[in-house]
Amino acid sequence: MAPLSSSFIAIVFVNIVGFYTQYGDCNNGRRVPETIESDLTGFSVPLEHSFEVDDVPRFWVRGNIQLKAGRENNVFLSQAMLSEKDRSVLKDVAAVDGLYRIRIPRVSLQADRQTDRQLEGYLTAFVRACSLVESHLSDVITLHTDVSGFVIGVSIVTMPGACRGAEVEDEVDLEVFNTTISVMAPVNAPAPETALFIERMEQEMDKKGKPQEQKSFFAKYWMYIVPLVLFLMMSGAQDQSGGGAGGGSGNGGGR
Amino acid sequence: MAGLCSVFSVCLCLLGFSAAVFEDQVGKFDWRQQFVGKVQFALFDTHSQASKKLLVATEKNIFASLNSRTGDLFWRHVDKTGPDGHINTLMMHGQDAVVVVGNGRLLRSWETTVGGLNWETVLDTGSFQSAAYIGVQDVVRYVAVLKKSAISLHYLSSGHQKWVENLPESDTVQYQTVYSGGNGQVFVLGVVPNSHIVIVEYNIEDGEIMKQKSVAAPWLSSLQSSCVMVGSGVLLCADPTTKSLYTFPLQSADQTTMTPILLESLGVEVAAGFQPVLISTQPHPARPPLSEFFLQLGPDYHILLQLKDGLVSTLRDFNPSYLVAFATTGEKTVAAVMSPKNETVSSLYCTVINLYSADTGRRLLDTTIIYSMDPNGGKPAKLYIHTFLKKDDSVGYRVLVQTEDLVLTFLQQPGRVVWSREEALADVVTMEMVDLPLTGTQAELEGEFGKKADGLLPMVLKRLSSQFILLQAWMSHLWKLFYDARKPRSHVKNEVTFETLSRDEFNLQKMMVMVTASGKLFGIDSKSGTVLWKQYLENIQPNSVFKLMVQRTTAHFPHPPQCTLLVKDKVGLGSLYVFNPIFGKKSHISVPALPRPILQSLLLPLMDQDYSKVLLLIDDQYKVTAFPSTKNVLQQLQEMASSIFFYLVDSSQGRLSGFRLRKDLSTELIWEVVIPTEVQKIVGVKGKRANEHVHSQGRVMGDRSVLYKYLNPNLLAVVTESTDSHQERSFVGIFLIDGVTGRIVHEAVQRKARRPVHFVHSENWVVYVYWNTKSRRNEFSVLELFEGMELYNSTVFSSLDRPRPPQVLQQSYIFPSPISTLEATLTEKGITSRHLLVGLPSGAIVSLPKMFLDPRRPEVASDQSREENLIPYSPEMPIRTEWFINYNQTVSRVRGIYTAPSGLESTCLVVAYGLDIYQTRVYPSKQFDVLKDDYDYVLISSVLLGLFFATMISKRLAEVKLLNRAWR
């Protein structure tokens, strides 16, 4: 089992594409599901589960998922305790390595689509009953929606997820679900980032290009021009002085 | 400075990728074969005697010229796919060929020697009916094109339109035929089904209607299927109900009804329920057709008839006869008839082709060609005759036969096959590569280890004997090397046969098993491209789905390798075909009957006692059939049942569902994901390849920590496309779903994207390509999944016990070209870096390093990213010319790329198929485990020897020196 903290370090480090998930509260299940009808802004869907020794699914209600429509898909789960009979059945199922299944009806989370949400069928998922027992009923349920808000899939995992054959002695551990429920919408895949790249290229060009452009021809090549000019001046001056002297003498001679 | 550094690092990276071939390596490791597809029209160039051109137009919209001596392509023009490029008709006159393309959209004239376009004319809209050459006074000047409601005449020299005329009453009359006898008129024939025939006569010069008349024919529904022109302008029709022929001379002024001729009066009988077919010939387009014609009365029954002065007489009766054809050379016209060899025993496997004089029906002497059919092939379907005049003025001929399994065979007397082409390979659907078997000696060694020990002495003896055999083999190998070395290079090229077929040292030569759409299977040697075996499966319905699976590889000597082909027809009803992939022989294993449609098939890693993997077939009632279903297998399945999961995809309802196997081979539904079809529909689902190995569990990062990959072997990549195709609202959805638990691991939406979508799913990444509707360009996107800095369970992966979702990184890039297909390279152990093989519509195949498709490419290069060899992000993906693995050997219409590992870790075998087949090898990380071709063995051995002697000499000298010093 990996410690939780290290994965968060990794998130910071590798710049992960974020999941836009909103976690609901971890309901302890003892609250009675009275608030279902009273909540007018949202709506609720039943969460059903099934665990049978003969492995033929027979679903019954485990709790109610309350969905608040709106921008923030707040989701709550209210559920009852497991009865003593259910607990023993669950343990029996775990002993024969049976499956614990959940299902929810197909719905849309979008408020304006509430009217036409009579979609047929259910979305089902499962987890091994033994891992549910061994995790003391700690599970994570995620509802996946598509772009338009339809729930397309449900997933359940237990924390921890392994079946090690550990005996759960304390019956109290199997009474209450410790559930984390969340809704996950698709992330927007990134498009090629041209704007940033061009910006960066321009910055680099600016850095490199500006000082070079500002330099004039003379500023660039002064080290060659100055000696040349000096040389020319020197040689010219010599010529002049020589010529002047010659001329002078010639003149002098003419006198 | 940082920029300069990054540029430098990019250059360094690229240095490693330059994997182009050298000039002298061309064709050494690769080969290409070009095909044309199913032939629709074939014409021999009869313009000159020495000509060896054969023009073909095919159903694949290809117009090509073949060398009739060798069967090679002179040139080939590949037109658009679909009805836009469909070739309606092909006619040839002299050096030029006239082609009508795209349901009468274009009229083209080609120069046939080099395949150049003479001219092209865009025709008026209207569905094409027929076309004909129009000649005046023995010279062909024009070409007439008949459409549904208009006829146009074009100059043959330039393509310019001479005139176009609307046809009278074209909404009721179906005009179907255009005819000209070469004397100044053009006849257009139309029919009002079950009522009458309409004949319109046009003036060639100005398109004026000269005459128009109608002839009652209440029994006629189509001119094209039951009428031909015979003799000098006589329309001849066959009526199956009254079993009679009807004639009507077009130019007659007074006649208003067709003259019936009862077939009974000729003494022949039409086979029950058979539509009689008339075949006539017009040797020269500027002259009227011959008065002789064939009448097909049954599937294997033709008679040669003659129409003279309005009377039909029988020239010869051919019963039985499969195929007939007319051909003309010079002034002589002959008829070729394919009939069974022995007239009493109608064996299809040996047939003869004979020539008959068309005007008398007499058999020409010494003109028999024996055509023996391939017992694994199909029946002959079409016959084309190439005739020529011999020196003694007699007629010689060659035949081109196209069979049902799309083999083109060119024969000459007395039955020698000049060449044959396997055109079924133009439509490869799926393929697998199978290792070749070991040689006899290697197998002997294997056998030694396989057998149980039976005493010390026998084992020693066996060991010695096998060692002796090995020694013998090695000596003969040396001798062969020595012998070959003396011969010039070009002679060494030895033929590949079944006898010489054995695995090479590095397993680079394999057997390619290819399945084609026509239902023909091929076994091709991957080194040379030679077809080693072929098998035609009859009764394959068009549009069947094929799935090829290797149930037993070559590794289990003495059990032969075994492949299974699952063929599903349109309804989903399946059948299994089990065969040996090396020799192509059908296996005698009894296959289970599959009465119900098959939804899914999966090959388990479980093995029977004879090492064949178990194949599970799931039918539409979710019942499972196992093959093989021996006791051992069923027992194993019972034990494993609770850990065998499978998934089904119903894209019409957007439903993905998971099932688990029960002990009694029934199944139970365990998960369900439904993607509403109102919003998006599933385009494709891909898992990972079963034979893929990943060597490295994680990636070492700049700070020496490890980022572990999320390597879920059960992960499925599901790609959807929005139903709304508006450019702002369309999107492509990517779902990563665990195939065992149904958990949606990741869900992403690419906005403003549309198909074509191609994707590859491998290792811990998914790469997909889509069309960006907003920017109007193709883009690549890569998703990589990581577990994080620590593995959850490093020993074993279980989908049932992986509670935390992976971290997903994604990046997108612009790709400057459209894409036909996408595949990833595959190597033996997965150590070599991966490349993506991208097939482009231009026919090129680009080997794109996966390094460029890495979502961890940083915006700005840092020290750590440089340490990791990450290339700084740039939005545009480059295409470098040295990445084209097929240099100038373009693969037309590439549809799929198949990759297979070889025995060398550095080398991956690649086969690209489409219209052409191209096989090559790629080295994604260069040939790190192979010495170069030009490795200097002489230098290294001389250096070694030199050093050895230097050591010896210096040792001796040192000893002497020591001795001398000791004496001192």
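**Exercise 1.** Is A:Tyr221 buried, partly exposed or exposed?

*Solution.* Keep in mind that this model is predicted. Start with the value: the relative accessible area of A:Tyr221 is 35%. Next, recall the cut-offs: buried means under 20%, exposed means over 50%, and partly exposed lies in between. A:Tyr221 is therefore partly exposed. To place this residue in the chain, look at the loop between α6 and α7 of chain A, where A:Tyr221 is found.

**Exercise 2.** Work out which helices supply the nonpolar surface patch that includes A:Tyr221.

*Solution.* First, look at the members: among them are A:Phe217, A:Phe218, A:Trp222 and A:Met233, besides A:Tyr221. Together, the residues of the patch have about 1,100 Å² of accessible area. Then turn to the helices: α6 (217-220) and α7 (222-254) of chain A each supply at least two residues. Finally, compare the contributions: α7(A) gives the most, with seven residues.

**Exercise 3.** Now over to chain B: describe the open sheet that contains β1 and β60.

*Solution.* Begin with the order, which is β1-β62-β61-β60 for the four strands, with antiparallel pairing. The edges are β1 (31-33) and β60 (896-901) of chain B, each pairing on one side only. On average, neighbouring strands here are turned by 20° against each other, direction ignored. Then zoom in on β61 (908-913) and β62 (917-922) of chain B, which six bridges join. Within this pair, B:Val911 has B:Gln919 in β62(B) as its bridge partner.

**Exercise 4.** Characterise residues 762-967 of chain B.

*Solution.* Check the record first: an unreviewed UniProt entry lists this stretch of chain B as "domain: ER membrane protein complex subunit 1 C-terminal". Then read its composition, 17% helix and 30% strand. Last, take the end C-alpha atoms, which are 76 Å apart.

Note on methods:
Residues are numbered from 1 along each chain as its sequence is written. Chains are lettered from A and ligands numbered from 1 in the order in which they are written. This is a predicted model: local features need pLDDT of at least 70, side-chain atom pairs count only at pLDDT 80 or more; totals for chains, interfaces and linings use all residues. Side-chain values use heavy atoms; hydrogens and water are left out. Patches are made of residues with over 30% relative accessible area and no salt bridge: like charges are joined within 9 Å, nonpolar side chains (Val, Leu, Ile, Met, Phe, Trp, Tyr) within 5 Å. Accessible areas come from the Shrake-Rupley method with a 1.4 Å probe; for residues, only the protein chains shown count as cover. A salt bridge is a side-chain nitrogen of Lys or Arg within 4 Å of a carboxyl oxygen of Asp or Glu. Buried means under 20% relative accessible area, exposed over 50%, partly exposed in between (1.4 Å probe, protein chains only). UniProt positions are given in the numbering used here, feature names are shortened, and annotations may be inferred rather than shown by experiment. Two strands pair if DSSP finds at least two bridges between them. Axes are lines fitted to C-alpha atoms, for helices over the stretch in contact, and angles run from 0 to 180 degrees between N-to-C directions.
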